[in-house]
Amino acid sequence: MPITKPPIQPLSPLKRLTFFQKLHAFDQDLAMICSVSSDHDSYMANLRPLLKLLEFSGHGIPWFIGVFIVIYYADGTNAKLFEVAFNILFALLVDLAISGSIKALVRRERPATNGRSDMFLVASVDHYSFPSGHSTRAATMAVLAVLMFPLSTLNEYLLTVWMLCVAASRLMLGRHHPSDVTAGIVIGYFQALLLQRYWVGVTNSDDVLELVGLQNVEQL
């Protein structure tokens, strides 16, 4: 009597996925679990005002506006403050260039939980998810401050808490996947190390003009 082989069962959709596809699917599922304040009907919607405030604190536009104001008023009056503000501006530009380039290359879509109309000045200019720009910016600023300034242990702790809270707000509001935020913190850390090494010693606008080779512009 011939032996009949049992029919080969087709692989489940999950088993047909590659390792990276499985990792991506897990990341998406985790993003869904973390998005506890993604809209007004969410489980922890009462935290949205605080999370939106954290979102604002890590957004690039307030940082750029603030640093330009400080540079303007510190020029010629407070050399140390001018130096700090100029280097923060340089750090913001470096962060924007690096994170923006990675976003443009990876082109990862934001999670389904992200409400574009609810984002603070982001929806029209920042469509992509990897890495989290808020996380790179918060990590860069927090780590750079710890590296460059004689802060107390309490202030270092507060900066670390702020950085982690900004990163957590991206998940709880449903803006990013966990890997976006993790990568953002790592990238921000290494950006801070780079910026510490290339800290620019300028004390006024004339130093800046000399730095970029425009010291003779006023004579033209």
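1. A friendly place to start is the chemistry of the second largest pocket: its lining residues divide into eleven nonpolar, no polar and no charged. Please keep in mind as you read on that this is a predicted model.

2. Who are these residues? The lining of the second largest pocket is made up of Trp-63, Val-84, Ile-88, Met-141, Ala-142, Leu-144, Ala-145, Phe-149, Leu-159, Trp-162 and Trp-199. The space inside the second largest pocket comes to about 160 Å³.

3. Which helix gives the most to this lining? Helix 6 does, with four residues. At least two residues each come from helix 5 (79-106), helix 6 (133-148) and helix 7 (153-172).

4. Helix 5 deserves a look of its own. Its 28 residues reach 41 Å from the first C-alpha to the last, close to the 40 Å expected at 1.5 Å a residue. Just after helix 5 comes Arg-107, with a positive phi of about 55 degrees.

5. Now for the packing. The largest nonpolar core holds 21 residues, and Val-67, Ile-71, Phe-82, Phe-86, Leu-144 and Val-202 have the most contacts inside it. Two or more residues of this core come from each of helix 4 (60-74), helix 5, helix 6 and helix 8 (178-197). Helix 5 provides the largest share, eight residues. A second, separate core has eleven residues, including Val-36, Leu-51, Val-166 and Met-172.

6. One residue ties these points together for you: Leu-144 lines the second largest pocket, and Leu-144 is also among the residues with the most contacts inside the largest nonpolar core.

Conventions: Residues are numbered from 1 along each chain as its sequence is written. This is a predicted model: local features need pLDDT of at least 70, side-chain atom pairs count only at pLDDT 80 or more; totals for chains, interfaces and linings use all residues. Side-chain values use heavy atoms; hydrogens and water are left out. On a 1 Å grid over the protein atoms alone, a cavity is a set of points where a 1.4 Å probe fits but cannot get out, and a pocket is an open set with protein on both sides within 12 Å along at least five of seven lines; lining residues have an atom within 4 Å of a point. Grid points are joined across faces, edges and corners, and a volume is the space filled by probe spheres set on the points. Ala, Val, Leu, Ile, Met, Phe, Trp, Tyr, Cys and Pro count as nonpolar, Asp, Glu, Lys and Arg as charged, and the others, Gly among them, as polar. The expected span of a helix is 1.5 Å times one less than its number of residues. A nonpolar core is a set of buried Ala, Val, Leu, Ile, Met, Phe, Trp, Tyr and Cys residues joined through side-chain atoms within 4.5 Å. Buried means under 20% relative accessible area, exposed over 50%, partly exposed in between (1.4 Å probe, protein chains only).
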